[in-house]
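Reader: I would like a close look at one part of this model, a single loop residue and its surroundings, and then a connected account of how that part sits within the rest of the chain. Please take the local details in order and keep the reasoning visible.

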Amino acid sequence: ATSNGANITVGFAPVIISQPADRNATVGTNVAFTVDANGTAPLAYQWQKNGADLNGSTVATLTLNSVQLGDAGAYRCVVTSPYGTATSNAANLTVGTAPVFTSHPADANATVGTNVTLTVDANGTAPLTYQWQKNGVDLNGSNTTTLTLNSVQLGDAGAYRAVVTSPFGTATSNGANITVGFAPAITAHPADRNATVGTNVA
């Protein structure tokens, strides 16, 4: 007697050749993770968040629409075929809020030789970095929430603003106009006068 024939099919197990990358995302934006794998077809994909399967996420690209803070986590893809399984590296998604200025610098008039201080305040997911600008040009070393101009001169007049940046976006403050001038100085004093009753005096 002869048994039925057994077909032996030989193939390659899946291999991940392109890993999903870490991402920073601002609340409300869309994020996509992609994996690329080689191996003998058919290949099936299953995305996971923090090790748990995501229902319906069974293609090579995972798209997260309008992400919220709760979407942060580690995302990876498991690729399977009749010949084996491969799991991608985990890609970390960090979700945060873009910077928003809550306090803008104020216009100021300054006398030559005095000091002027401009201050801003911003909310948003840290880290927040600041850069002050004069007339749209970066001021070297001016990267805190406060800008102090010491002993201002006429050339310090201009429009000053701050740019705040984080991994989740950038915001620019309103401009503050600094006007620099000289304090009044008496160049001619009134002189003593004798006047006769009924006359005019200047």
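Author: Ser 88 counts as buried, because its relative accessibility is 5% and the limit for that class is under 20%. In this predicted model, Ser 88 is found in the loop between strand 9 (84–87) and strand 10 (91–96). Leaving aside neighbours within four places in sequence, Ser 88 is in contact with Ile 16, Gln 19, Pro 20, Val 35, Arg 76 and Cys 77. A related distance concerns Ile 17, which is 71 residues from Ser 88 in sequence, while the two C-alpha atoms are 9.0 Å apart in space.

The surroundings of Ser 88 lead on to strand 8 (residues 73–81), which holds Tyr 75. A pair of aromatic rings is described by the distance of the centres and the angle of the planes. The count of aromatic pairs in this model comes to one. The rings of Phe 33 and Tyr 75 have their centres 5.3 Å apart and their planes at 20°, and the pair is therefore stacked, since planes under 30 degrees apart fall in that class. Phe 33 lies in strand 3 (residues 31–34) and Tyr 75 in strand 8, so the pair ties together parts that are 42 residues apart in sequence. Both Phe 33 and Tyr 75 are buried.

Two further buried residues can be set beside Ser 88. The first to consider is Ser 57, placed in the loop between strand 6 (52–53) and strand 7 (61–64). With a relative accessible area of 13%, Ser 57 is buried; when residues up to four places away in sequence are not counted, Ser 57 touches Tyr 45, Gln 46, Trp 47 and Leu 62. The other is Thr 26, whose place is in strand 2 (residues 23–26). Thr 26 has a relative accessible area of 19% and is buried, because the class takes in values under 20%. Its contacts, again without residues up to four places away in sequence, are with Val 67, Gly 96, Ala 98, Phe 168 and Gly 169.

Several loops also call for attention to their backbone. Most residues other than glycine have a negative phi, and most peptide bonds are trans. Asn 50, in the loop between strand 5 and strand 6, has a phi near 50°, a positive value in a residue other than glycine. Asn 50 counts as exposed, at 54% relative accessibility. Ser 66, in the loop between strand 7 and strand 8, likewise has a positive phi, near 45°, but Ser 66 is partly exposed, with a relative accessible area of 37%. As for the peptide bonds, a cis bond with omega about 0° joins Ala 41 and Pro 42, and Pro 42 lies in the loop between strand 4 (36–38) and strand 5 (44–49). The bond from Ala 126 to Pro 127 is also cis, with omega near 5°, and Pro 127 belongs to the loop between strand 14 (121–123) and strand 15 (129–134).

Beyond these loops, Ala 191 is placed in the segment after strand 20 (176–181). At 62% relative accessibility Ala 191 counts as exposed, because the class begins over 50%. The C-alpha atoms of Ala 191 and Ala 202 are separated by 9.7 Å, the two residues being 11 apart along the chain.

The chain as a whole supplies the setting for these details. It has zero helices and 20 strands, and 27% of its 202 residues count as buried. Among contacts between residues at least 6 apart in sequence, 62% join residues at least 24 apart. The radius of gyration of the chain is 34 Å, whereas a compact globule of 202 residues would have one near 17 Å. Taken along the principal axes, the C-alpha atoms fill a box of roughly 150 × 25 × 20 Å. The accessible surface comes to about 12,200 Å², of which 49% belongs to carbon and sulfur atoms. Finally, the chain carries 6 positive and 9 negative charges, and the mean positions of the two sets are 3 Å apart.

Methods:
Residues numbered from 1 in each chain as written. Predicted model: local features only at pLDDT ≥ 70, side-chain atom pairs only at ≥ 80, totals over all residues. Heavy atoms only, no water. Helix = DSSP H or I, 4+ residues; strand = E, 2+ residues; numbered from the N terminus. Buried < 20%, exposed > 50% of the residue type's maximum accessible area, 1.4 Å probe, protein only. Contact = heavy atoms within 4.5 Å. Rg over C-alpha atoms; globule rule 2.2 N^0.38 Å. Areas by Shrake-Rupley, 256 points an atom, 1.4 Å probe, with all protein chains shown as cover. Lys, Arg positive; Asp, Glu negative; His and termini not counted. Charge placed at Lys NZ, Arg CZ, Asp CG, Glu CD. Phe/Tyr/Trp six-rings, centres within 6.5 Å; stacked < 30°, edge-to-face > 60°.
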